[in-house]
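Please look over the sequence and the structure shown below before reading on. The report that follows starts from one detail and then widens to the whole chain.

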Amino acid sequence: MLKDMFVQKGTLSFEVFPPKKDGEFEAAFEVLDSLGKLNPDFISVTYGAGGSRSGKTVEIASYIQNTLKIDAIAHMTCVGSRKEDLLRVSESLQERRVAYVLALRGDRPKDMSDEQFQSRDFAHANDMMSFLKEHTGLHVAGACYPEKHYESFSMESDLNNLVKKQNAGAEFLISQLFFDNDYYYSFLEKAERKGITIPICAGIMPITTARQIGTTVSLSGSSVPKALADLIANYGDNKEDMRKAGIDYAIRQIRDLRENGVNNIHIYTMNKPKMAGEIVNAVYG
């Protein structure tokens, strides 16, 4: 079981996303095959807003689990989903022997009315976790935010929500991406004082283009340290140099984390196996 890996050793894991078009599945499977050769402990698969691509998430997760023989974690969002929707997806996952989900509230769909948003079945991810633990046989993981969720009033409020996730049955957590390890170390200390005892995976996203940083920060709320800002200023106009510098930054981040006792690393691969391979080979040799 996945939870045993956290006890026995550190973990290496990846995030991938399903193809947007059915005709892109062959290329997606080639990406997964390449990532599988890097021997991750698990691969997580993202979910469309409101479950809009849930079928593709299930198909990709099934390939990871049953063809690659690597533990798959299917993302599951509840903001636009009814209970019957989650039960249907849960049944489909279990039929394919996918045992783990990453339970997320998710972003509000753009076409969701205020009335629909206010009357949704699950207000928060921990509500969905409790429902899944009660009505399915799935194992559940949750998300955490080293610099707090952008909608939270404070870090204290965010940590209280983490406690709720742990109490609702979350077996481990995967962090939002971050670029400054000091924020992560501070977060771990605060989480420990709050009574969070489940394992936490550090989420690392390599920044390989200057444009990527703007999109990433706007979506995640992560701060950009001077070292990364300087890197973008120096190399942002040169595509290949920026790529190399961004990968090197991620490598240095992970090495520092491991030197400081953080051994559960989750890489947001953006479906780029070559990039992931360069990082894994440099860090894990």
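## A ring pair within one helix

Y184 and F187 both lie in helix α8 (residues 181-194), and because they are three residues apart there, about one helical turn separates them. The model is a predicted one, and this should be kept in mind for every value given in this report.

A search of the whole structure finds seven aromatic pairs. Among them is the pair formed by Y184 and F187, which is tilted, with 6.2 Å from centre to centre and 40° between the planes. An angle under 30 degrees would have counted as stacked and one over 60 as edge-to-face, so the pair falls into the remaining class. Y184 has a relative accessibility of 0% and therefore counts as buried, and F187, with a relative accessibility of 2%, counts as buried as well.

## A cluster of rings

Elsewhere in the protein, ring pairs join F25, F29 and Y63 into a cluster.

## A buried asparagine

N66 is located in helix α3, which covers residues 54-67. The relative accessibility of N66 is 18%, and because buried means under 20%, N66 counts as buried. When residues up to four places away in sequence are left aside, N66 touches R96 and R97.

## The overall fold

The protein is made up, in terms of secondary structure, of 12 helices and eight strands. Among contacts between residues at least 6 apart in sequence, 80% join residues that are at least 24 apart.

For a chain of 285 residues, a compact globule would be expected to have a radius of gyration near 19 Å, and the value of 18 Å found for the protein agrees with this. Along the principal axes, the C-alpha atoms fill a box of roughly 50 × 45 × 45 Å.

## Surface, burial and charge

Of the 285 residues in the protein, 54% count as buried, and Y184, F187 and N66 are examples of residues in this class. The accessible surface of the protein comes to about 13600 Å², and carbon and sulfur atoms account for 47% of that area.

The protein carries 34 positive and 38 negative charges, and the mean positions of these two sets are 1 Å apart.

Note on methods:
Residues numbered from 1 in each chain as written. Predicted model: local features only at pLDDT ≥ 70, side-chain atom pairs only at ≥ 80, totals over all residues. Heavy atoms only, no water. Helix = DSSP H or I, 4+ residues; strand = E, 2+ residues; numbered from the N terminus. Rg over C-alpha atoms; globule rule 2.2 N^0.38 Å. Buried < 20%, exposed > 50% of the residue type's maximum accessible area, 1.4 Å probe, protein only. Contact = heavy atoms within 4.5 Å. Areas by Shrake-Rupley, 256 points an atom, 1.4 Å probe, with all protein chains shown as cover. Lys, Arg positive; Asp, Glu negative; His and termini not counted. Charge placed at Lys NZ, Arg CZ, Asp CG, Glu CD. Phe/Tyr/Trp six-rings, centres within 6.5 Å; stacked < 30°, edge-to-face > 60°.
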